Amino acid sequence: MFLERGNRIEIILPDDARKCEIFAAEELAKYLKLCLGTTAQIQKAVEEVNEDVLSFLIGGPVRNKLAAQLVSASEFEELVTGPEGMCICVKNDTVLIAGSEDSDGYNRGALYAAYEFLERYVGCCFGAYSKPGVSAGETVPEHQRLELKDTTYIKQHSDLQYRTAIVQFNNWAGNADHTLT
């Protein structure tokens, strides 16, 4: 599979997509646009994968019925044991980006899988977040063409049980009027 400038890309969400899955699709579309200059269409209620486009499926086979074409529900549940586990599966012209079913219903694993895909396969780096317009730790490379070989990447569960944002202010990072504050 080749991701290249000018490709037609669809990001397909489950019919009943959760907020984290929608955000994962939006972030994936945003960074594919920045890296490849290609606009990805985000869709729901798709019956089959269009063979004329590259497809990104968000959500595992229990949530996204098209994902079962790449990995069965039983295999997915056996491999991605959660919480916040993730699966990235590249097969032909389709990429599955899915997270384990979390007990709280947020499905953060899908969002983590989207960022993992962007880091591992596209070369992005999300080392720090800063005020928009300030380069302070986020790296977004530009590509003409990327080759994605058929592969499956599994992370059974999150490494950490607790995460937090660390907010620091100094002249280098910008001022304290950031929207996150």
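**Exercise 1.** State which residue follows helix 1 and give the sign of its phi.

*Solution.* Helices are DSSP runs of H or I with at least four residues, and strands are runs of E with at least two, numbered from the N terminus. After helix 1 comes Gly37, with a positive phi near 70°. The structure is a predicted model, in which local features need pLDDT of at least 70, side-chain atom pairs count only at pLDDT 80 or more, and totals for chains, interfaces and linings use all residues. Residues are numbered from 1 along each chain as its sequence is written, and side-chain values use heavy atoms, with hydrogens and water left out.

**Exercise 2.** Compare the span of helix 3 (residues 108–122) with the span expected at 1.5 Å a residue.

*Solution.* The expected span is 1.5 Å times one less than the number of residues. Helix 3 has 15 residues, so it should span 21 Å. Its end C-alpha atoms are 20 Å apart, which agrees. Gly123, with a positive phi near 95°, follows helix 3.

**Exercise 3.** Determine how many disulfides the structure contains, and explain the case of Cys89.

*Solution.* A disulfide is counted when a pair of cysteine sulfur atoms lies within 2.5 Å. The closest cysteine sulfur to that of Cys89 belongs to Cys87, at 5.7 Å, so the pair is too far apart for a bond. Across the whole structure, the search finds zero disulfides.

**Exercise 4.** Classify Cys20 and Cys89 as buried or exposed.

*Solution.* Buried means under 20% relative accessible area, exposed over 50%, and partly exposed in between (1.4 Å probe, protein chains only). Cys20 has 15% relative accessibility and therefore counts as buried. Cys89, at 4%, also counts as buried.
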